[in-house]
Amino acid sequence: GLIKTMEVDSGQVISSIHLHSGWITDYFYWAEAKLFFSSSNDGTIIAWGTAGSAHEIFGLGLPIYAMGFSPRKNLLVLGMKNGVFLFALKYELSKDANSLFESDTPFVSEDNDDIVKCIRCNESRVYTGSYDRRLIIYDAYYYPGDIGLKI
């Protein structure tokens with residue numbers, strides 16, 4: 001997985017970074033935190049800082065096929081085989097915290113029979129589409145110590 005930064009007007013390549021060992025499957029920009037996220041079928045999520053360096057590399061160990069982000073609740077939704085994983089992200093890191101992820105363990109929903117390839121978030125709703133021809137609409141919730149999705 002190669003990520004290139006290019007000058008908009010000229011198309012000139014400014015930088016090329018190769019940190020994912022598999023195909024890059026999705027990306028998004030979190031404006032409030034000024035971080036760019038990329039996911040790969042190698043099972044990693046990389047949070048990129050404004051200088052183009054890796055802010056954090058989070059290894060999940062399973063292929064990630066899609067990502068969605070709910071800025072209202074700072075929830076990261078990952079499209080996986082047979083369902084979705086849900087993580088809460090920290091907007092600001094404290095001095096003793098070294099990860100953007102509230103927990104290493106996601107909330108897991110296995111409501112699909114195939115790969116979830118499309119995720120969109122709107123307010124507290126999460127919309128997923130998968131190769132099993134299902135469109136599932138979830139209500140996402142997050143309270144300190146409690147995170148989840150309800151159909």
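Here is a walk through the aromatic pairs and nonpolar cores of this predicted model.

Let's start with the rings. The structure has nine aromatic pairs. A good one to pull up is F28 with F69: the ring centres are 5.1 Å apart and the planes sit at 15°, so this pair counts as stacked, the cut-off for that label being under 30 degrees. Now look at where the two partners come from. F28 belongs to strand β3 (residues 24–30) and F69 to strand β7 (residues 66–70), so the pair ties together parts that are 41 residues apart in sequence. Both F28 and F69 are buried. They aren't on their own, either: ring pairs join F28, W30, F37 and F69 into a cluster.

F37 turns up again once you move on to the nonpolar packing. The largest nonpolar core is made of 19 residues, and F37, I45, L76 and L78 are those with the most contacts inside it. At least two residues of this core come from each of β3, β4 (35–40), β5 (44–48), β7, β8 (75–80) and β9 (83–88). Of these, β8 gives the most, with three residues.

Try centring your view on L78. Leaving aside residues up to four places away in sequence, L78 touches I45, L60, I64, A66, M67, G83, V84, F85, F87 and I119. There is also a second, separate core, with 13 residues, including A66, L86, V126 and Y138.

One last stop involves a charge and a ring. The charged end of K150 sits over the ring of Y141, 5.3 Å from the ring's centre.

Note on methods: Residues numbered from 1 in each chain as written. Predicted model: local features only at pLDDT ≥ 70, side-chain atom pairs only at ≥ 80, totals over all residues. Heavy atoms only, no water. Phe/Tyr/Trp six-rings, centres within 6.5 Å; stacked < 30°, edge-to-face > 60°. Helix = DSSP H or I, 4+ residues; strand = E, 2+ residues; numbered from the N terminus. Buried < 20%, exposed > 50% of the residue type's maximum accessible area, 1.4 Å probe, protein only. Lys NZ or Arg CZ within 6 Å of the ring centre and 35° of its normal. Core = buried A, V, L, I, M, F, W, Y, C linked by side-chain atoms within 4.5 Å. Contact = heavy atoms within 4.5 Å.
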